Amino acid sequence: MDLRLFVSTGRSSVPPSLHTYRVLRYAKSMLDEQDFRRKADAAFEDLKRRLLTLGDEHGFDVEGESGKLEVIFEEPEEAKFVVSPNTPVREIWISALSTSFKLGWSDSKNAFILEKTGENLLDVMSRVVSQQLGTKVKL
């Protein structure tokens, strides 16, 4: 069971399959809202700057407002990727290539990380933009 669901839903009792110490350990390791916003804003500014440069080179647009980035492709086929913070669960979510990627903060790597692959935000975006363009790019 995903502990983030338990923490974010506010259930009043711990399901039998969970040990209390795991829930408490997860809650303790979660960034507070202000710290999350600060880290997410810094990551978004860096990502936006890099995407704008890459977009000029490869012909796609980058739009950003209210902490959300949209990467808009017209070639080789129309597509839109959305990168947005999900403050309640302290994650950055990427919607791209019909997939949702959820990146959480890693103190040890000092970055937002896709737990499944160990990739950071720039690595994930490099991968999905490369797939969309059909050519390898690096942010």
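Before we start, a bit of vocabulary: a helix here is a DSSP run of H or I with at least four residues, numbered from the N terminus. Also keep in mind that this is a predicted model.

**Exercise 1. Work out which element gives the most to the lining of the second largest pocket.**

Start with the space itself: the second largest pocket holds about 200 Å³. Three elements, helix 3, strand 6 and helix 4, each give two or more residues to its lining. Now go through the lining residues, among them Lys39, Ala42, Ala43, Asp46 and Leu47, along with Trp105, Phe112 and Leu122. Helix 3 comes out on top, with five residues. As for chemistry, the lining splits into eight nonpolar, two polar and two charged residues.

**Exercise 2. Lay out the sheet: what is the strand order, and which strands sit at the edges?**

Seven strands make an open sheet, and the order is simply 1-2-3-4-5-6-7, with antiparallel pairing. The edges go to strand 1 (61-65) and strand 7 (119-120), each of which pairs on one side only.

Next, walk inward. Strand 2 and strand 3 are antiparallel partners over five bridges, and Leu69 has Val83 in strand 3 as its bridge partner. Strand 3 in turn pairs with strand 4, again antiparallel and over five bridges; here Ser84 is matched with Trp93 in strand 4. Between strand 4 and strand 5, also antiparallel, there are six bridges, and Ile94 faces Phe101 of strand 5.

**Exercise 3. Find the residues with positive phi in the two hairpins that involve strand 4.**

Take the hairpin of strand 3 and strand 4. Four residues lie between its strands, and Arg90 has a positive phi near 60 degrees. Then move on to strand 4 and strand 5, whose hairpin has two residues between the strands; in that turn, Leu97 has a positive phi of about 55 degrees.

**Exercise 4. Place Met125 in the largest nonpolar core: what does it touch beyond its sequence neighbours?**

First, the core: it has 33 residues, and Met125 is listed with Leu47, Leu51, Phe60, Ile94 and Val129 as having the most contacts inside it. Elements giving two or more residues include helix 3 (33-58), strand 4 (91-96) and helix 4 (121-133).

Second, the contacts. Leaving out neighbours within four places in sequence, Met125 is in contact with Leu47, Leu51, Val71, Val83, Ile94 and Leu139. One of these, Val83, is the bridge partner of Leu69, while Ile94 is the residue opposite Phe101.

Finally, the broader pattern: in soluble globular proteins, nonpolar side chains tend to be buried together.

How values were computed: Residues are numbered from 1 along each chain as its sequence is written. This is a predicted model: local features need pLDDT of at least 70, side-chain atom pairs count only at pLDDT 80 or more; totals for chains, interfaces and linings use all residues. Side-chain values use heavy atoms; hydrogens and water are left out. A nonpolar core is a set of buried Ala, Val, Leu, Ile, Met, Phe, Trp, Tyr and Cys residues joined through side-chain atoms within 4.5 Å. Buried means under 20% relative accessible area, exposed over 50%, partly exposed in between (1.4 Å probe, protein chains only). Contact means heavy atoms within 4.5 Å. Two strands pair if DSSP finds at least two bridges between them. On a 1 Å grid over the protein atoms alone, a cavity is a set of points where a 1.4 Å probe fits but cannot get out, and a pocket is an open set with protein on both sides within 12 Å along at least five of seven lines; lining residues have an atom within 4 Å of a point. Grid points are joined across faces, edges and corners, and a volume is the space filled by probe spheres set on the points. Ala, Val, Leu, Ile, Met, Phe, Trp, Tyr, Cys and Pro count as nonpolar, Asp, Glu, Lys and Arg as charged, and the others, Gly among them, as polar.
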